[in-house]
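Q: Hi! Could you walk me through this one while I have it open on my screen?
A: Sure, let's take a look together.

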Amino acid sequence: MRFSFTDDQLAFRDAVRDLLEKECPPQRVRDAWTNVDGRSGAWDALEEMGVVGLSHPEVAGALGVDEIAVTLILEETGRFGLPEPIVEHTAVALPAVAQHIPEAVTDTSLFVAGGPMVPYATSATALLLERDRQLYLVDRSAATLTERASVDGSRRLYAVEWEPSNAVEIGGPEDAALAFDRGALGVAAQLIGVAQHLLDTTVEYAQARHQFGVPIGSFQAVKHHLANVALGLEFARPLVYRAAHSVARRDLDRSVHVSTAKAHASDAATVAARVALQVHGAIGYTTEYDLHLWMKRAWALAAAWGDAAWHRARVGRAILDTDPSEEQ
Amino acid sequence: MDLTFTEHEEAFRAEARAWLEANVPRPALPSGDTREGFARHLEWERMLFDARWAVVSWPEVYGGREASLMEWLIFEEEYYRAGAPQRVTQNGIFLLAPTLFEFGTAEQQDRILPRMASGEEAWCQGWSEPNAGSDLAGITSRAVRDEAGGGWRLTGQKTWTTRGAFCDRLFGLFRTDPEADRHRGLTYFLVDLGAEGVTVRPVERLDGDEGFAEVFLEDAFVPDRDVLGGVNEGWRVAMATTGSERGLTLRSPGRFMATAARLIDLYRRHADATDPAVRDAVIRGWMDAEAYRWQTFWTVTRLMEGGRTGPESSLVKLFWSELDVRIHATALELLGPRAELVDGDDAAWMKGWQFALSGPIYAGTNEIQRNVVAERVLGLPRR
């Protein structure tokens with residue numbers, strides 16, 4: 001048992017962090033609310049660095065990279081609030097498409113995935129979609145996209161109408177289940193990053209903001225709120241890393257591990273958002289201040305790829321409804 | 001990242017499981033927090049010691065197996081999975097022993113550790129006083145130098161001493177320099193409860209057991225060889241022990257995994273009449289035990305690679321103590337009108353509920369732990 005990342009994985013994470021610090025400052029996240037496609041402009045730089053295509057089986061095989069390394073990077077993208085379809089493309093669609101129809105992957109292809117709404121669908125070349133536990137690749141031109149508004153203005157969501165007859169079937173129930181688990185794992189990692197950002201910025205605010213002549217962070221009521229955020233994060237994060245390992249190794253209990261992680265990560269991030277707003281007070285209630293960008297991301301991602309209640313129910317079916325004699 | 005156990009670890013687990021399955025007493029022993037039950041538990045401790053399972057992580061010379069932290073966690077998982085008895089020696093082997101290994105002289109280690117491991121000498125903790133609980137540095141029990149006797153004379157009162165009425169010795173803090181600052185001038189003493197001038201009065205706990213005691217000291221003599229760490233160094237020495245207490249040595253994940261598994265068994269017996277909200281709480285209990293397990297593996301990997309525990313251990317204490325309360329609350333909901341019964345097959349849940357409620361109080365209240373997290377992990381200003 002060695003439950004930690006390798007030096008290579010950490011070094012790559014640090015390099016991505018440096019890049020995002022430069023390419024995705026809070027102003028870019030804010031701009032994505034009002035620009036044409038809801039995106040950061042950092043995609044090309046991420047592509048150049050090898051982040052976007054990291055999960056392509058050929059690249060991953062050559063570099064010895066798997067879902068564990070990808071998860072660590074997605075956590076960073078959450079921390080910086082990166083408005084890009086990185087979970088949808090890199091974590092979910094690219095490995096599935098490249099495995100089943102490698103010729104569909106070109107230098108310019110961008111895939112998205114999801115359901116019932118798909119983010120950034122108009123930016124994509126094709127959509128990875130599930131119907132009746134079958135996995136399909138749907139060309140964007142073969143789908144009817146209807147724009148829906150997310151609470152997170154950078155997440156451009158689309159309801160998708162499509163017919164399997166106009167799509168390429170690329171996998172069965174196992175492929176569909178793996179794609180879903182990759183999506184849930186990916187947003188769980190991002191939620192950890194979002195929660196960490198909310199905690200860090202709120203601690204900073206509580207140190208700087210004075211009332212009654214002292215920093216508000218010296219009041220016990222505020223301290224205990226923030227300690228609760230740290231508590232949720234401390235115990236959610238290892239679950240996400242463990243789920244990444246289970247996905248990478250195709251563990252038989254993978255789905256239970258992913259659901260445990262997603263439920264905890266969603267809860268950690270929504271608690272972080274709730275406390276962040278309360279500690280900031282009225283300034284946090286404005287859209288002029290950056291806090292709302294991360295709060296709304298937390299709410300959006302907590303709901304995406306199965307919310308906490310949905311994932312707990314999935315865990316429940318596995319641990320409560322099976323025959324006890326089959327368990328260890 | 002490699003989340004499989006090594007062959008060696010698996011063999012260790014198998015050996016522990018086989019021994020426990022063959023030896024765990026059936027039916028379960030009476031509570032170790034009663035006089036009769038305590039004696040029965042000491043017999044069990046002797047069996048553990050003879051089979052070298054009492055202190056697996058200790059050096060072989062003191063009865064251990066020099067097990068790694070990971071193996072210790074595995075042993076704990078197996079121990080609680082097997083439904084083995086509570087460890088009435090825990091305050092010695094998990095709280096005092098780490099301090100002895102760090103600060104004790106070779107003479108103290110050789111003299112004290114083997115008798116502690118075998119249960120021949122049972123230890124209790126003497127920290128809280130009537131006017132010093134969360135504010136531990138406010139203790140007033142004092143020790144005065146007895147030059148002629150070659151030791152110290154202790155006077156004062158300790159309270160909430162777990163199993164104090166049944167134990168042989170007490171470790172605790174006493175004020176040796178009344179002029180010094182609150183945190184200075186304290187010394188860590190190892191006290192013989194049979195010494196002249198020591199009176200122990202049992203106190204009945206919330207759950208009805210005589211698990212508590214008050215300890216009164218009046219000019220009780222403690223020889224120099226029973227000072228642990230330096231004179232007036234007691235605060236620093238004691239804080240090393242609280243680190244162990246809050247961290248993973250007091251309440252390992254195996255305990256809560258076993259409780260969550262019992263909760264699932266209970267759910268299955270009541271599933272027909274279960275409210276969906278209670279079902280959800282059962283699932284949360286299991287998931288939270290998992291969270292604790294994996295957070296521990298994460299921490300232990302860091303420790304095995306040379307890291308140290310710090311104030312993060314307060315997060316651990318918060319998590320397991322509140323998890324234990326939640327799991328027991330859910331069990332009582334499943335039991336419905338039978339929750340109040342303290343006889344019969346399900347009585348352990350009401351008993352366990354009451355014990356779980358002590359978790360957020362002992363080893364530093366959870367209010368204090370949240371302050372520690374806020375100030376020392378997050379860096380918020382002290383008042």
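Q: Before we start with the cavities, is this predicted or what am I looking at, and which classes of residue make up the lining of the largest cavity?
A: This is a predicted model. By class, the lining of the largest cavity has 7 nonpolar, 1 polar and 4 charged residues.

Q: How much space is in there?
A: The largest cavity holds about 90 Å³. The count of cavities of 30 Å³ or more comes to 4.

Q: Which residues should I click on to see the lining?
A: Among the residues lining the largest cavity are A:Glu84, A:Glu88, A:Arg155 and A:Arg297, along with A:Tyr120 and A:Gln190. The elements giving two or more residues to that lining are helix H6 (86-100), H7 and helix H10 (291-303) of chain A.

Q: And which element gives the largest share?
A: That would be H6(A), with 3 residues.

Q: H7 came up there. What does H7(A) do with H9(A)?
A: Helix H7 (residues 173-208) and helix H9 (residues 254-280), both of chain A, pack at an angle of about 25°, and their axes are 8 Å apart. With the cut-off for roughly parallel being under 35 degrees, H7(A) and H9(A) are therefore roughly parallel to each other.

Q: Is that crossing left-handed or right-handed?
A: The crossing of H7(A) and H9(A) is left-handed. In the contact of these two helices there are 21 nonpolar, 5 polar and 3 charged residues.

Q: Switching to pockets: what volume does the second largest one have?
A: The second largest pocket has a volume of about 620 Å³. Its lining has 31 residues, and those nearest the centre are A:Gln196, A:Glu234, A:Arg237, B:Trp298 and B:Glu312.

Q: Which elements give two or more residues to that lining?
A: From chain A they are helix H1 (7-23), helix H5 (67-79), H7 and helix H8 (220-248), and from chain B helix H8 (276-304) and helix H9 (313-335).

Q: How does the lining of that pocket split by class?
A: For the second largest pocket, the lining has 15 nonpolar, 7 polar and 9 charged residues.

Q: OK, on to strands. What's the order in the open sheet of 4 strands in chain A?
A: The order is E1-E3-E4-E7, with mixed pairing. Strand E1 (111-113) and strand E7 (168-171) of chain A each have a single partner strand, so one side of each has no neighbour in the sheet. On average, neighbouring strands of this sheet are turned by 35° against each other, direction ignored.

Q: How do E1(A) and E3 of chain A run, parallel or antiparallel?
A: E1(A) and strand E3 (residues 126-131) of chain A run parallel, joined by 3 bridges. A:Val112 has A:Leu127 in E3(A) as its bridge partner.

Q: Where are the cis peptide bonds you can point me to?
A: One of them runs from A:Gly115 to A:Pro116, with omega near 0°. A:Pro116 sits in the loop between E1 and strand E2 (117-119) of chain A. Another is from B:Arg26 to B:Pro27, with omega near -5°, and B:Pro27 is in the loop between helix H1 (7-23) and helix H2 (35-50) of chain B.

Q: What about the phi of B:Trp160?
A: B:Trp160 has a positive phi of about 55° although it is not a glycine. Most residues other than glycine have a negative phi. B:Trp160 is in the loop between strand E3 (151-158) and strand E4 (169-175) of chain B.

Q: And B:Arg163, where does that one lie?
A: B:Arg163 lies in the loop between E3 and E4 of chain B, and B:Arg163 has a positive phi of about 55° as well.

Notes
Residues numbered from 1 in each chain as written. Chains lettered and ligands numbered in written order. Predicted model: local features only at pLDDT ≥ 70, side-chain atom pairs only at ≥ 80, totals over all residues. Heavy atoms only, no water. Axes fitted to C-alpha atoms, helices over the stretch in contact; angles between N-to-C directions. Parallel < 35°, antiparallel > 145°, perpendicular 65-115°, else oblique. Left-handed = near helix turned anticlockwise from the far one by under 90°. Nonpolar A, V, L, I, M, F, W, Y, C, P; charged D, E, K, R; others polar. 1 Å grid on protein atoms, 1.4 Å probe; cavity = no way out; pocket = protein on both sides within 12 Å on 5 of 7 lines; lining within 4 Å. Points joined across faces, edges and corners; volume = space filled by probe spheres on them. Pairing = 2+ DSSP bridges.
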